[in-house]
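User: I should like to go through this structure and the criteria behind its description. Please begin once it is displayed.
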Amino acid sequence: MASPLETHTAALEHVRQWVEAELPGARILSAAELDASPVANAAFGWDVPSENGTLQLVREKDFPYSEPRVVVGGPSAMLGGPHIESKGKVCIAGDGGRVDSQNPVEVVAHILRETRRLLKENEVGENDADFQHDFRAYWRRDEQDEVPL
């Protein structure tokens with residue numbers, strides 16, 4: 001059985017190879033971009049072109065034991081939809097989502113598929129009812145954005 005370090009190293013390499021093969025035009029994020037990311041503990045990521053802007057695919061330091069995150073960049077209309085946090089972070093599984101650390105490429109592919117599906121649904125208004133369903137969370141989000149630090 002592989003050690004956690006071996007699993008981590010192998011996962012990073014498998015995902016890197018997959019991104020290079022399957023996501024043409026993906027660009028590695030700079031250290032400054034990672035530092036500015038709304039993803040806590042962002043350790044590595046790619047800027048992935050999409051239909052309406054870009055998606056930043058970001059992994060945290062403990063990947064593959066944590067879910068990769070996606071941050072939306074581009075038109076502000078994409079940032080206003082349900083399941084998109086104020087700084088563009090996409091909420092697919094919520095905090096603490098479970099991941100299959102033995103299949104990191106499928107985890108990354110799944111997160112990207114779900115993000116793209118969510119953005120298309122948001123674009124045509126299919127998820128508008130989610131604002132009502134989870135009103136308190138969206139209300140708190142808007143209030144928290146206005147709190148001076």
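User: What pattern does the protein chain follow, read along the sequence?

Analyst: In this predicted model, the protein chain follows the pattern α-β-α-β-β-β-α-α-α-α. Helices (H or I, at least four residues) and strands (E, at least two) are DSSP runs, numbered from the N terminus. The chain has 6 helices and 4 strands.

User: On what basis are values accepted here, and how are residues numbered?

Analyst: Residues are numbered from 1 along each chain as its sequence is written, and side-chain values use heavy atoms, leaving out hydrogens and water. Local features need pLDDT of at least 70, side-chain atom pairs count only at pLDDT 80 or more, and totals for chains, interfaces and linings use all residues.

User: How do you know that the span of helix α4 agrees with its number of residues?

Analyst: The expected span is 1.5 Å times one less than the number of residues. For the 20 residues of α4 (residues 104-123) this gives 28 Å, and the end C-alpha atoms are 29 Å apart, so the two agree.

User: Why is asparagine 41 called exposed?

Analyst: Exposed means over 50% relative accessible area, buried under 20%, and partly exposed in between (1.4 Å probe, protein chains only). Asparagine 41 has 51%, and is therefore exposed. Asparagine 41 lies in the loop between α2 (31-36) and β2 (42-50) and has a positive phi of about 60°, although not a glycine.

User: Which peptide bond is cis, and where is proline 64 found?

Analyst: The bond from phenylalanine 63 to proline 64 is cis, with omega near 15°. Proline 64 is in the loop between β3 (53-60) and β4 (69-73).
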